[in-house]
Amino acid sequence: MAARSQLLKGILDACVMAIVEEKAVYGYELSQQLQKVGLPDISEGTIYPVLLRLQKNGFIIGEMRPSASGPNRKYYFLTDAGKEELERISSEWLLIAGPVSQLLQRGEKE
């Protein structure tokens, strides 16, 4: 589990930005979306520091909106700088993921 957490740290910013790019989400909803795609180990305690860092870097912005079921929620939106950063990280990830997957699946080919 610890190794998986370390691997995710390097790519979690991009995962969060990819979800925010699709639609504006609030923190808990973001957590649910990550679980839905198969990343259940990411707690809200991990997500909020990522959101704060992305905001400080100008990659996302937050906006308070009323909620039909409780207090106002802070929804996050991807900025133009965030779109560029997501594109950059995605390109780099694809350059790494393909070769690493081939190496790690070597036993399945034999």
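In this predicted model, Leu 95, Ile 96, Val 100, Leu 103 and Leu 104 make a nonpolar surface patch of about 540 Å², where patch residues have over 30% relative accessible area and no salt bridge, nonpolar side chains (Val, Leu, Ile, Met, Phe, Trp, Tyr) being joined within 5 Å; a salt bridge places a side-chain nitrogen of Lys or Arg within 4 Å of a carboxyl oxygen of Asp or Glu. Accessible areas come from the Shrake-Rupley method with a 1.4 Å probe. Leu 103, a patch member found in helix H5, counts as exposed because its relative accessibility is 58%, the classes being buried under 20%, exposed over 50% and partly exposed in between.

The largest nonpolar core (buried Ala, Val, Leu, Ile, Met, Phe, Trp, Tyr and Cys residues joined through side-chain atoms within 4.5 Å) holds 23 residues, of which Val 16, Leu 30 and Leu 34 touch the most other members. Two or more residues each are given by helices H2 (12–22), H3 (27–36), H4 (44–56) and H5 (80–104) and by strand S2 (70–78), helices (H or I, at least four residues) and strands (E, at least two) being DSSP runs numbered from the N terminus. H2 gives the most, with six residues. Beyond its neighbours within four places in sequence, Val 16 is in contact (heavy atoms within 4.5 Å) with Leu 30, Val 50, Leu 51 and Leu 54.

Glu 29, in helix H3, is buried, with a relative accessible area of 15%; outside the four-place sequence window, Glu 29 is in contact with Lys 23, Ala 24 and Tyr 75.

Residues are numbered from 1 along each chain as its sequence is written, and side-chain values use heavy atoms, with hydrogens and water left out. As the model is predicted, local features need pLDDT of at least 70 and side-chain atom pairs count only at pLDDT 80 or more, whereas totals for chains, interfaces and linings use all residues.

Key
Buried < 20%, exposed > 50% of the residue type's maximum accessible area, 1.4 Å probe, protein only. Patch = residues over 30% accessible without salt bridge, like charges linked within 9 Å, V, L, I, M, F, W, Y side chains within 5 Å.
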